Each structure stands twice: as C-alpha cells, then as structure tokens.
Amino acid sequence: MSLNVESRSLTAVPAPPPLRLIDDTGHAVAESESGGFTLPALATLLGLYRQMVVARRFDVQVTALTRQGRLATYPSALGQEACEIAAVASLAPQDWLFPTYRDSIALLTRGVEPKDILASFRGDWHSGYDYPKHRIAPQATPLATQALHAVGLATASKLKRDDTVALTLLGDGATSEGDAHEAFNFAAVWQAPVVFLVQNNQFAISVPLDKQMACRTIADKAIGYGMPGYYVDGNDVAAMYAVVSAAMDRARSGGGPTLIEGLTYRIEAHTNSDDPTRYRKTADVDLWRNRDPIERLEKYLVAQGALTAEVRADIVAAAEQLATTTRDCMSEQAVIDPLELFEHVYSTPRAALAEQRAVLAAEIDGDAAASAALSSASNEENSR
C-alpha cells in the first residue's frame, strides 16, 4: 500500500503584496500603499539601522567561529535582521520576549552579553543569561512551545492588571505545530496581551512553505482565531517596527492578541550541519540578497541626510568592537562543574538526589586523586 497521501496539486491563490513603508530601492512608498501606518522618525530609523549593522556583524562572527569548530552549532539569522531588531525595539522595559533558537541577535539587542548568548551553543550551560533581569524566556528549540508560555505569562499579566505584554517569535514551520494552534486560540479567547511575530523565512529546515500549507499567507490564519493579522515585508524594518509597535500598544491597552507575518528569507544554512543547496536554488538566494534589509534602510537614510560618513564609521567601529569581544569570550576556557547538574532540579533537595550527588562527587574526587598520584609518580620517575 502506498503511503503517499498527497492529493492533486492545488491552484495556489496568489498572496497580496506585503505591507511596506520603504521599498526595495530605499524609497518611501505612497501613502495608499502604507496600510495606514506612517514612517517612524528619522532618529528611530537611524537607531534601528545601527542595531541591525551591529547584529549582523555579531551573526557573521559567530558563524565563522562555528565553522572553526569553536561552537557546537549556530542557527544564523542573516537576512532576518529587520524582523528581530524591530521586534525588540518595540518592547517596553517591563515586557517579555519569548525567542526561538534562531533569535540570538534579538537577545543581543535586548542587552544580553555575547558570552551568555553563546553558552548553550558551545555546550557550556543550558542557557547562560538571567531570564528575569532581561525579561527574556529561554531560547526554545522545540517548535512553538514558547508560544504557549507567552500566552500564559500574558494572561497572568492581565489577571494582575499590570501592563506587561508578551512578544513571541516564531518561524513559518512552527505555525504547523499544534502548540501554535493552541496558543493562538487561547490568546484570542482570553484576549491575552500577546503579540505573535512569525518570521516567514520560507523554509522549515528543508520544507518550503507551499508543502506546509495551502493558504495565501500565514497572516490569513488570524481571522480564523478572531484576531487581527498583518502581512508585512519582513525586510523593511520601518514597516516591521510600525506594525509591531502598534500591536504592542493594542495589547497593552486591552485590545488582545495580534498575529504578524514578516516575509523574509534565511540567507545562511539552517545550521552549520545543513546543506541548503540540496533543496533551494542559488538564484533564489541571490534574489533575496538583493532585497537586503540593511542596504534598503541605508539608501533611505543617506538620501535623507541622516546617515553621514562619520556616523557610518562610528557604527562600523562599534560592530567591530563587538566582534572582537565575541571572539575573545569564545577563546576563554569554560569552567564547568559537573555537580551543577543537581543544583537546579528541586528547590528543596531530595534525599535520593543528594545521594546521587555524593556518589558523583566521590567519583570526581577519586579521579582527581588518581590523576594527582599518577602525575606524582611520573614526576618522580622523570627525576631519576
């Protein structure tokens, strides 16, 4: 019996043009194409540009370190900077971010140090940063699980009557998971102050979007849950910032959740263990390189006189300094204590766990003693 249950090919319904405020050539779009949103102030756009340049330099540096074998793995966000930087820039200090494994530059922009971001990718620690301090949940590797956590936190915020909003980042593949459906549904029913930002980079590892769903856009799904949905040019940081900020304000004022789709592209491989040439064309990658979010905003800022050679040099210098810091911290030998395994299991230690810890401690001490005895014997032999 054949396991191929695919039906005949469906005639795809063309997607509408994504909402944008600055086009591919770096020019502001006509008011009729802006979807009712306005361009952020020049000072805001210049700040977003700085953050994208710095974030990309970090991403490129970490990718290089991974290829050198100094990290176990790293999922690059090259080409997706506009989505992530706009998202973080829309957060208030009290808001919480729920990221995925690919959102390291979002953590960086939120203030997490490179060594703390990369601790888990190097295998030093499960997650190296302080969650409450940065108001960032752990980077989620299982798809869409963090969306439910975000709804839970947002609902708690609503019950406590504070003004905290949860912003969760998702990939296009995550929206095919049951956890995403549950999160969208509960958020809409409970009118939770949460914003779902889907970075549609068009591939769930190697599976293209048209093999996952037959709808025009992911944003179209919002209507089925009873919440607003926006289909945005994910390489236009101005549009992303305007739409996400409006959604955050709406959630904070009691308007409930919003689903935002940012149409973008993953320029690098899924991770360093992936070979993207097996499932996508080089010509497609080149096409999206020409839609680069940083170059687009740069053209606009230069034309407006906001990005001078002096300002650009200052931004590049800051990016290079961060790259140096990143290289240096990844050159330091991690100090790892195996007994830390037992420190974060229970708030009150259990007897069985304490016994296991004691066994491991004795084994470590025995190995250390044996190593010291062997070293002493070797030194004695060499001195004869």
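## Working through a predicted fold

Of the 384 residues in the protein chain, 45% are buried. Keep in mind that this is a predicted model. Grab the structure and try these.

**Exercise 1. Get the overall picture: how many helices and strands does the protein chain have, and what does its C-alpha trace span?**

Start with the secondary structure: 13 helices and 7 strands. Next, look along the principal axes, where the C-alpha trace spans about 90 × 55 × 50 Å. Then turn to contacts: taking those with a separation of 6 or more, 74% join residues 24 or more positions apart. The accessible surface comes to about 19300 Å², and carbon and sulfur atoms hold 54% of that. Last, the charges: there are 34 positive and 48 negative ones, and their mean positions are 4 Å apart.

**Exercise 2. Lay out the open sheet: in what order do its strands come, and which stand at the edges?**

Step one, trace the order, which is E1-E2-E3-E7-E6, with parallel pairing. Step two, check the ends: strand E1 (96-98) and strand E6 (229-233) have a single partner strand each, so one side of each lacks a neighbour in the sheet. Step three, look at the turn between neighbouring strands, which averages 20° if you ignore direction.

**Exercise 3. Zoom in on E2 and E3: over how many bridges do they pair?**

Strand E2 covers residues 166-171 and strand E3 residues 194-200, and the two pair in the parallel sense over 6 bridges. For a landmark, find Ala166, which stands opposite Val194 in E3. Now add the helix: H6 (residues 145-160) lies across E1, E2 and E3, and runs at about 170° to E2.

**Exercise 4. Sort the side chains of E3: which residues point one way, and which the other?**

Put Val194, Phe196, Val198 and Asn200 in one group. Val195, Leu197 and Gln199 go in the other, pointing the opposite way from E3. Then check burial: 7 of the 7 residues in E3 are buried, so call the strand mostly covered, with the cut-off for burial at under 20% relative accessible area.

**Exercise 5. Compare two helix spots: is H2 mostly covered, or is it mostly open, and where does Glu320 sit?**

Helix H2 (residues 81-89) is mostly covered, as 8 of its 9 residues are buried. The buried ones are Glu81, Ala82, Cys83, Glu84, Ile85, Ala86, Ala87 and Val88. Now go to helix H12 (residues 309-331), where you'll find Glu320. Glu320 has a relative accessible area of 36%, so it counts as partly exposed. To get a sense of reach, go from Glu320 to Met213: they are 107 residues apart along the chain, and their C-alpha atoms are separated by 41 Å.

**Exercise 6. Hunt for unusual backbone angles: what is phi near in Arg135 and in Gln202?**

First, the background: most residues other than glycine have a negative phi. Arg135 has a positive phi, near 55°. Where does Arg135 sit? Look in the loop between helix H5 (131-134) and H6. Its relative accessible area is 25%, so Arg135 is partly exposed. Gln202 also has a positive phi, near 80°, and sits in the loop between E3 and strand E4 (203-204).

Terms used:
Residues numbered from 1 in each chain as written. Predicted model: local features only at pLDDT ≥ 70, side-chain atom pairs only at ≥ 80, totals over all residues. Heavy atoms only, no water. Helix = DSSP H or I, 4+ residues; strand = E, 2+ residues; numbered from the N terminus. Buried < 20%, exposed > 50% of the residue type's maximum accessible area, 1.4 Å probe, protein only. Contact = heavy atoms within 4.5 Å. Areas by Shrake-Rupley, 256 points an atom, 1.4 Å probe, with all protein chains shown as cover. Lys, Arg positive; Asp, Glu negative; His and termini not counted. Charge placed at Lys NZ, Arg CZ, Asp CG, Glu CD. Pairing = 2+ DSSP bridges. Axes fitted to C-alpha atoms, helices over the stretch in contact; angles between N-to-C directions.
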